[in-house]
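Open the model in your viewer and keep the sequence panel beside it. The stops below say what to select and what is found there.

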Amino acid sequence: MSQFWSDVTARLKPYVPGEQPVEGSFLKLNTNENPYPPSPDVNSAVSDFSISNLSLYPDPDSRMLVDALSERFNLSTEYIFVGNGSDEVLAHTFVGLLRQERPLRFPDISYGFYSVWAELFDIDTKLIPLRQDFSINVHDYLDADSPIIIANPNAPTSLALGLSDIERLASGNPDSVVVIDEAYIDYGGESAVPLVEKYENILVVQTFSKSRALAGTRVGYALGHPVLIQALRRVKDSFNSYPVDSFSQATAVASLSDEDYFRKCCDRICSSRESLIEGLINLGFDVLPSKTNFVFASHPDISGAELYSDLYKRKILVRYWDVPRLQGHVRITVGSENQCEQLLSELGKIVS
Ligand SMILES: Cc1ncc(COP(=O)(O)O)c(C=O)c1O
């Protein structure tokens, strides 16, 4: 702590992202990145990108990308907001929509950034415990009308709520915004996008980082009623006018033009996930049924901390949280078929 820090800075407990090692040949299964490259169309967009673009500021409204998303989701452009990764879109959402008199509710086990933003933006929160089996009980969110944020599927549990449950959240909290963070929706969950024209209070947030293999270019977006989108634009224009750079915009637009490649990669990862779950169960692990590109697993004889460090010694990175209820578990990203085999082979040695 320094005398120069503001009180709020001194109080912060910043989010700690998964390691991005700069040295050593690690098998990275800790940050849910895509094991496959982006679409070949992205490759062409990168080759065709003119360096002279870089001397100009990008379009502050990212119209090229908003138009491509409008076509992809069949929504008019007033329903769309884009930002520098879904983290930034979510942060703007916290300031613009979730900072209310009534407390913001979210599951006690979920994406770690939610509590960090709540602290940063001085938002009152109410954590709602997950059930013993790590599922979300929608009834727990129907006893008061106050803002909600839910990752669906949830992280790190990998469990998903169905669309009818999301609809109950929206209709049961008509005077509050319900944010559905769909970072992992493309791996088998039911998206709430079809509800955004029906319910003014649903905001869906998605990302290009996972299923579209563009974590490095940092592009995310929100879909919701124009009144909600206007709030995000007001916050953005009070913070950074040009959040999506021209290069990132070109890669995201190119990715959207190749749905075939996108679907094939998602299907391939879903199929590897099922084989990985089977392999883990054969080694004695308990694994939650996943609708994501990661699995949440525990072993009756080995703690999460031991699994993490034994794998680390074998140059495999997975994610572990030293917090109550998660200490038995690790979260493992579904890699390519070869990567999953390598992981299972190393885990086989650890378990025996
Ligand atoms: C649930 C969830 N939401 C949002 C994000 C942020 O993704 P990005 O900022 O890369 O779009 C992540 C990243 O891991 C996540 O797990």
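Select H4 and H5, and look along the place where they meet: H4 passes H5 in a right-handed crossing. This is a predicted model. To find the two helices, highlight residues 85-98 for H4 and residues 113-120 for H5. Their axes lie 10 Å apart and the packing angle is about 45°. An angle that is neither under 35 degrees, nor over 145, nor from 65 to 115 counts as oblique, and H4 and H5 are therefore oblique to each other.

Now show side chains at this contact. On H4, pick Asp87, Leu90, Ala91 and Phe94; on H5, pick Phe113, Tyr114, Trp117 and Ala118. Sorted by class, the contact of H4 with H5 holds seven nonpolar residues, one charged residue and no polar ones.

Next, select H2 (40-48) together with H8 (residues 246-256). What angle do H2 and H8 make where they pack? The angle is about 150°, and the axes of H2 and H8 are 8 Å apart. The crossing of H2 and H8 is right-handed. Show Asp41, Val42, Ala45 and Val46 on H2, which meet Phe247, Ala250, Thr251, Ala254 and Ser255 on H8. By class, six nonpolar, two polar and one charged residues make up the contact of H2 with H8.

From the end of H2, follow the chain into the loop that leads to helix H3 (63-73) and stop at serine 62. The phi angle of serine 62 is near 45°, a positive value in a residue other than glycine.

Move on to the loop between strand S5 (148-151) and helix H6 (163-172), where proline 153 is found. Select asparagine 152 along with proline 153: a cis peptide bond joins them, with omega of about -5°. Stay in the loop between S5 and H6 and pick proline 156, which also has its place there. Which kind of peptide bond joins alanine 155 and proline 156? The bond is cis, and its omega is about 5°.

The next stop is the pair H10 (residues 304-313) and H11 (residues 337-351). H10 and H11 pack at an angle of about 115°, with 11 Å between their axes. H10 passes H11 in a right-handed crossing. For the contact, show Leu307, Asp310 and Leu311 of H10 with Leu343, Glu346, Leu347 and Ile350 of H11. The classes here are five nonpolar and two charged residues, with no polar residue in the contact of H10 with H11.

Finally, zoom out and colour the chain by domain. Domain 1 takes in 7-37 + 259-351, and domain 2 takes in 49-256. The centres of domain 1 and domain 2, taken over C-alpha atoms, are 24 Å apart.

Then look at the boundary between the two colours. How many residues of domain 1 are in contact with domain 2? There are 32 of them, and they contact 34 residues of domain 2. About 2600 Å² of area is buried between domain 1 and domain 2, and carbon and sulfur atoms give 61% of this area. Last, select Tyr15, Lys291 and Arg325 in domain 1: these lose the most area to domain 2, together 27% of what the domain 1 side buries.

Definitions and conventions
Residues are numbered from 1 along each chain as its sequence is written. This is a predicted model: local features need pLDDT of at least 70, side-chain atom pairs count only at pLDDT 80 or more; totals for chains, interfaces and linings use all residues. Side-chain values use heavy atoms; hydrogens and water are left out. Axes are lines fitted to C-alpha atoms, for helices over the stretch in contact, and angles run from 0 to 180 degrees between N-to-C directions. Helices (H or I, at least four residues) and strands (E, at least two) are DSSP runs, numbered from the N terminus. A crossing is left-handed if the near helix is turned anticlockwise from the far one by less than a right angle, and right-handed if clockwise. Contact means heavy atoms within 4.5 Å. Ala, Val, Leu, Ile, Met, Phe, Trp, Tyr, Cys and Pro count as nonpolar, Asp, Glu, Lys and Arg as charged, and the others, Gly among them, as polar. Domain bounds come from an automatic or database domain assignment. Buried area is the accessible area (1.4 Å probe) that two parts lose on being put together, summed over both.
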